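Here is a short tour of a protein model, with its aromatic side chains and one of its sheets as the main stops. Please keep the viewer open as you read.

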Amino acid sequence: MWYRIKISREINQQGIKKPVTEYYLTDAKNFAYAGLKVIDTIGKNIEVEDILLMKSYKPAINEYKQGNKVYIIKIAEDMTDENGNIKTIKYPMPVFANNDTELYAIVKDFIKQGLNDMRLTTISETKWICLS
């Protein structure tokens, strides 16, 4: 399950302490493990402000590689019920890429894997840091 963790801490910038807020995305068993991943990665001198279960997120399309940006995309599928009504179902999921061009290629290859009735509807570039 995906979790978004919001932390605050102070960084030393040219001899001046500056407060910063950072967001992390991680795949963990539960809230405690998600928070622990952040603490183990950046240290104990932080304040974990929020841990949010991203319950609608599906598994990531690809593996995170050091330096990748974190994008959240939505892929949509139109479903027709027995009355002929069309309902659009959207599947949000993380994608990791270095830039927009690489992102489009990854998503295009993903949709080609038998998901031809689906379409990309939304791309959101985040400033989140992924902890794999």
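## A buried tyrosine and its partner

Let's begin with Y3, which is buried at a relative accessible area of 1%. Please bear in mind that the model is predicted. F31, by contrast, is partly exposed, with 42% relative accessibility.

The structure holds three aromatic pairs. In one of them, the ring centres of Y3 and F31 lie 5.0 Å apart and the planes meet at 65°, so this pair counts as edge-to-face. Y3 belongs to strand 1 (residues 2–13) and F31 to helix 1 (residues 31–42), so their contact ties together parts 28 residues apart in sequence.

## A pair within a cluster

Next, have a look at Y64 and F96, both of which are buried. Their ring centres are 5.5 Å apart with planes at 85°, so this pair is edge-to-face. Y64 sits in the loop between strand 3 (47–53) and strand 4, while F96 is in strand 5, so the pair ties together parts that are 32 residues apart in sequence. Through ring pairs, W2, Y64 and F96 are linked into a cluster.

## The sheet around strand 4

Strand 5 brings us to an open sheet of three strands, ordered 5-4-6 with antiparallel pairing. Strand 5 (86–97) and strand 6 (118–125) are the edge strands, each pairing on one side only. On average, neighbouring strands of this sheet are turned by 25° against each other, ignoring direction.

Twelve bridges join strand 4 (residues 69–80) to strand 5 in the antiparallel sense. If you would like a spot to zoom in on, Y71 stands opposite V95 in strand 5.

Key. Residues are numbered from 1 along each chain as its sequence is written. This is a predicted model: local features need pLDDT of at least 70, side-chain atom pairs count only at pLDDT 80 or more; totals for chains, interfaces and linings use all residues. Side-chain values use heavy atoms; hydrogens and water are left out. Two strands pair if DSSP finds at least two bridges between them. Helices (H or I, at least four residues) and strands (E, at least two) are DSSP runs, numbered from the N terminus. Axes are lines fitted to C-alpha atoms, for helices over the stretch in contact, and angles run from 0 to 180 degrees between N-to-C directions. Rings of Phe, Tyr and Trp (its six-membered ring) pair if their centres lie within 6.5 Å; planes under 30 degrees apart count as stacked, over 60 as edge-to-face and the rest as tilted. Buried means under 20% relative accessible area, exposed over 50%, partly exposed in between (1.4 Å probe, protein chains only).
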